[in-house]
Amino acid sequence: APGSGSVDWTSVPFPKYWRRSLSGGAVANFAEMVQLGADQLPLFQSFIDATYVNKWTRDRAKHNPDEPNVPKHYKVTQVIRNESSRGWQEYCIRRAEMVKGRQDARSTDGFREFGAIKSALGWTSVFGPQGLASECNEWYLFHGTSLRVAKMICGSSFKMSCAGSNTGTLYGKGTYCAESITKADEYSRA
């Protein structure tokens with residue numbers, strides 16, 4: 001389990017498209033930001049376009065009073081993938097725990113699967129099925145922030161101690177994500 005000291009890194013394989021992978025059962029501990037090639041930009045542009053919603057909310061005016069209007073479009077100029085061995089392993093273990101918990105409790109609670117999530121539908125339409133665990137409502141989502149904070153998140157994950165330090169906590173302390181690029185953009189910084 002994460003944080004237990006001795007971790008069997010070979011039990012959780014890394015994505016095949018990552019630059020690094022396990023070889024010969026060696027322990028891997030790495031974290032790097034990998035810039036994707038220009039050939040990938042049109043795919044991510046299609047994904048962003050699929051999640052665009054021309055909808056104004058009060059949050060836009062509150063967080064960006066100088067530019068309160070919804071942008072007409074977004075242009076993808078760079079895509080960077082976070083490849084963190086420990087982050088990936090912790091994510092996979094937590095996901096497996098959630099799936100197992102859902103299987104154990106399936107008939108005893110009021111859990112509902114949600115499938116029509118704009119970002120998940122957009123991702124699948126561009127990149128194809130990705131093996132997301134719908135039984136625990138796993139989706140691709142956006143988190144609007146600054147580049148500096150995004151890099152910090154990639155290095156150490158989300159920190160609940162930082163929740164609300166940028167824009168508040170309307171629904172309480174937590175990590176806020178959005179299914180639309182337009183909503184996440186309201187919380188982003190240039």
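In this predicted model, Asn137 sits in the loop that runs between helix 4 and helix 5 (147–156). Its backbone takes a positive phi of about 55°, although Asn137 is not a glycine. Most residues other than glycine have a negative phi. With a relative accessibility of 15%, Asn137 counts as buried, because the cut-off for that class is under 20%.

**Overall architecture and confidence**

The secondary structure of the chain consists of 6 helices and 2 strands, and these follow one another along the sequence in the pattern β-α-α-β-α-α-α-α. Of the 190 residues in the chain, 29% are buried, while the chain exposes about 12500 Å², of which carbon and sulfur atoms supply 54%. If one takes the contacts between residues at least 6 apart in sequence, 67% of them join residues at least 24 apart.

The average pLDDT of the chain is 82, and 81% of the residues score at least 70. Among the elements, helix 1 has the highest mean pLDDT, at 97, and helix 2 (residues 58–63) the lowest, at 79. Over residues 1–7 the pLDDT is below 50, and this stretch has 5 contacts in the model beyond near neighbours in sequence. Where pLDDT is low, the predicted coordinates should not be read in detail.

**The largest nonpolar core**

The largest nonpolar core has 13 residues, and those with the most contacts inside it include Phe44, Phe47, Val76, Val79 and Phe142. At least two residues of this core come from helix 1 (41–51), and at least two from helix 6 (181–185); the greatest contribution is that of helix 1, with 4 residues. Ile48 and Ile181 also belong to the group with the most contacts inside the core. When neighbours within four places in sequence are left aside, Ile48 is in contact with Tyr74, Val76, Phe142 and Ile181.

**Helices 3 and 4**

The two helices are set out below with their buried residues.

| Helix | Residues | Buried residues |
|---|---|---|
| Helix 3 | 85–105 | Ser85, Gln89, Cys92, Ile93, Val99, Arg102, Ala105 |
| Helix 4 | 118–127 | Ser119, Ala120, Gly122, Trp123 |

In helix 4, the buried residues Ser119, Ala120, Gly122 and Trp123 cover an arc of only 165° around the axis, and they therefore lie on the same side of the helix. What covers these buried residues of helix 4 includes helix 1. Just after helix 4, Gly128 takes a positive phi of about 85°.

The 21 residues of helix 3 should span 30 Å at 1.5 Å a residue, and the end C-alpha atoms of this helix are 30 Å apart, so the expected and modelled spans agree. The buried residues of helix 3 pack against strand 2 (80–84).

Which residues does Arg102 contact, once its neighbours within four places in sequence are left aside? Arg102, which lies in helix 3, is in contact with Asp109, Phe111, Glu135 and Cys136. Its relative accessible area is 9%, and Arg102 is therefore classed as buried, the limit being under 20%.

Methods. Residues are numbered from 1 along each chain as its sequence is written. This is a predicted model: local features need pLDDT of at least 70, side-chain atom pairs count only at pLDDT 80 or more; totals for chains, interfaces and linings use all residues. Side-chain values use heavy atoms; hydrogens and water are left out. A nonpolar core is a set of buried Ala, Val, Leu, Ile, Met, Phe, Trp, Tyr and Cys residues joined through side-chain atoms within 4.5 Å. Buried means under 20% relative accessible area, exposed over 50%, partly exposed in between (1.4 Å probe, protein chains only). Contact means heavy atoms within 4.5 Å. The arc is that of the directions from the helix axis to the C-beta atoms. pLDDT is the predictor's confidence in each residue, from 0 to 100. Accessible areas come from the Shrake-Rupley method with a 1.4 Å probe; for residues, only the protein chains shown count as cover. The expected span of a helix is 1.5 Å times one less than its number of residues.
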